[in-house]
Amino acid sequence: ERVSQKRSKLVEDQQLREQELCTFAPKILPRSSARPSGPVEHQQYVRSRKLGQVEAQVYADVTHRPKISAFAQNWSQQQKDAAVIGAAPVTVFERLYADA
């Protein structure tokens with residue numbers, strides 16, 4: 001009996017020390033605060049949604065659409081045609097040193 005009392009006392013002391021060392025206390029918001037509760041909060045919520053939609057519309061046409069030159073399109077087509085025929089593709093080194 002004495003041993004079990006001592007063991008339970010040690011366990012309690014250990015738990016107390018752990019609780020003293022643990023200083024983290026998360027703040028949990030109630031579910032009702034996630035939505036606007038009054039007219040002012042509702043106006044702010046609507047305004048932020050509209051602002052997000054306007055930003056999305058403004059930046060919708062600002063996407064990366066590179067313009068491919070006619071030369072590049074012709075060269076690409078020639079490479080595809082050469083690959084279909086079965087000719088060995090010309091490497092960068094062969095093109096650079098062909099003139100030398």
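**Tyr59 and its surroundings**

Colleague: Let's start with Tyr59: buried or exposed?

Modeller: This is a predicted model, so keep that in mind. Tyr59 has a relative accessible area of 57%. The cut-off for that class is over 50%, so the call for Tyr59 is exposed.

Colleague: And which helix does Tyr59 lie in?

Modeller: The protein has four helices and zero strands, and from the N terminus its elements run α-α-α-α. Tyr59 falls within residues 39-60, and that stretch is helix α2.

Colleague: What is the area of the nonpolar surface patch that includes Tyr59?

Modeller: Tyr59 shares the patch with three valines, Val54, Val58 and Val62. Nonpolar side chains are joined into a patch within 5 Å. Put together, Val54, Val58, Tyr59 and Val62 make a patch of about 410 Å².

Colleague: Zooming out, what percentage of the residues count as buried?

Modeller: The accessible surface of the protein comes to about 10400 Å², with 57% of it belonging to carbon and sulfur atoms. A residue has to be under 20% relative accessible area to be called buried. Of the 100 residues, the share that counts as buried is 1%.

Colleague: Which side chains meet in a salt bridge?

Modeller: Searching the whole structure turns up one salt bridge. Its N to O distance is 3.8 Å, and the cut-off is within 4 Å. Both partners sit in helix α1 (residues 2-21), four residues apart, about one turn of the helix. One partner is partly exposed at 48% relative accessible area, the other partly exposed at 26%; they are, in that order, Lys9 and Asp13.

Colleague: Confidence next: which element has the highest mean pLDDT?

Modeller: Over the protein, the mean pLDDT is 81, and 86% of residues reach 70 or more. Among the elements, helix α4 (residues 92-97) has the lowest mean, 78. The highest mean, 89, goes to α1.

Notes: Residues are numbered from 1 along each chain as its sequence is written. This is a predicted model: local features need pLDDT of at least 70, side-chain atom pairs count only at pLDDT 80 or more; totals for chains, interfaces and linings use all residues. Side-chain values use heavy atoms; hydrogens and water are left out. Patches are made of residues with over 30% relative accessible area and no salt bridge: like charges are joined within 9 Å, nonpolar side chains (Val, Leu, Ile, Met, Phe, Trp, Tyr) within 5 Å. Accessible areas come from the Shrake-Rupley method with a 1.4 Å probe; for residues, only the protein chains shown count as cover. Helices (H or I, at least four residues) and strands (E, at least two) are DSSP runs, numbered from the N terminus. Buried means under 20% relative accessible area, exposed over 50%, partly exposed in between (1.4 Å probe, protein chains only). pLDDT is the predictor's confidence in each residue, from 0 to 100.
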